[in-house]
Amino acid sequence: MNLNLTKIMFFTLLSFSTLMSISASNWLSMWMGLELNLFSIIPILNFKSSIYSIEATMKYFLIQAFASILLLIFLINKNFMFMNNDNMLIMMPLLMKLSLMPFHLWLPSMMEGLNWFSCLLMMTWQKITPMIMISYLNINKNMIFLIALISMNSIFGLNQNSMRKILAMSSINNSTWMLFAILMNEKLWVNYFLIYSMLNFLIIKMLNNYNINYINQMKFFNLNFFFKLNMLMLIFSIMGLPPMLGFIMKWMLIKTLIYNNMYFIMMMLIMLTILNLFFYIKMTYFMLFNFNIFNKWYLQFKKNNYNFIMMMNFFSLFFSYLFIY
């Protein structure tokens, strides 16, 4: 993406707004940081303007503005007598901003109209502030765990063909794990978020390079063995299959739940994650069953952009063994 002064200004405002919210000492300053974040990301989503991106941006603006209004109303009326359980009400607009149950259906339809870089921002950077604000709330953790477990059941990705919608449902699924992580240990959440962001960056980079928007387009890459190998390893990693790097971020949370004797929540997390593996397997179907017979000379590296991605994939194997054992 070519940068100019306008783009640099909006990216600087986006970074400043997030830092302002997570370092604020009162809720009103956090709300102001959320508003600055909203007004700085709207132009970023429309750098490559089209009818679909404008529609998606309007959806995002209306939903986020409605959530911000609710948050401000609950914060102003926080000390009123009829709001004894005010922290639960404050969490509702934050769940809406995070696109977690029951406010999650806006994210897949909105991401369908964005470019890949904007999708990466929506799945990673835009989750930082609401999650940290939820961690500041002093409410019953069992209630949050219940909401998070319901959000794990993102079965809407089973009948999707669009790569953007599938990654959006994957984002909702992983947001649940991150919500558990930040409630258990903030350092654990940082590790999970960094690994998840790196995996999303690598997948979106490959999809953007080949302009892949739908699952059916995967079967047209029969001649490129290294593309399939890298894509398979990345999808297996974000699925959380051992010994890939993506398994580490989930294994750390599972160990923390075991140490805190939360066996029921751990088993529910694992079982609901198995349901979500089906739409990941749909992404790998054409690559798993279309590996062509190729000559030995084809194994030689040609001039391509896979060296970095393959290095990260193979490094993740050794990195994962280092943490597990």
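Trainee: I'm looking at Ser99, found in the loop between H4 and H5. Why is Ser99 called buried?

Mentor: This is a predicted model, so everything here is computed from it. Buried means under 20% relative accessible area. Ser99 has 1%, so Ser99 counts as buried.

Trainee: What makes the phi of Ser99 worth a remark?

Mentor: The sign, together with the residue type: phi of Ser99 is near 60 degrees, a positive value, and Ser99 is a residue other than glycine.

Trainee: What about Asn261, in the loop between helix H12 (245-259) and helix H13 (263-288)? Why does Asn261 count as exposed?

Mentor: The cut-off for exposed is over 50%. Asn261 has a relative accessibility of 56%, so exposed is the right word. Its phi, a positive value in a residue other than glycine, is near 60 degrees.

Trainee: Okay, on to cavities. What makes a space a cavity?

Mentor: A 1.4 Å probe fits there but cannot get out. By that rule, the model has two cavities of 30 Å³ or more, and the largest cavity has a volume of about 150 Å³.

Trainee: Which residues lie nearest the centre of the largest cavity?

Mentor: Tyr60, Gln64, Lys97, Gln126 and Pro130, out of 16 lining residues. Helices supplying at least two lining residues each include H3 (51-76) and H7 (128-136), while the largest share, three residues, comes from H2.

Trainee: And how does that lining split by class?

Mentor: Nine lining residues are nonpolar, five are polar and two are charged.

How values were computed
Residues numbered from 1 in each chain as written. Predicted model: local features only at pLDDT ≥ 70, side-chain atom pairs only at ≥ 80, totals over all residues. Heavy atoms only, no water. 1 Å grid on protein atoms, 1.4 Å probe; cavity = no way out; pocket = protein on both sides within 12 Å on 5 of 7 lines; lining within 4 Å. Points joined across faces, edges and corners; volume = space filled by probe spheres on them. Helix = DSSP H or I, 4+ residues; strand = E, 2+ residues; numbered from the N terminus. Nonpolar A, V, L, I, M, F, W, Y, C, P; charged D, E, K, R; others polar. Buried < 20%, exposed > 50% of the residue type's maximum accessible area, 1.4 Å probe, protein only.
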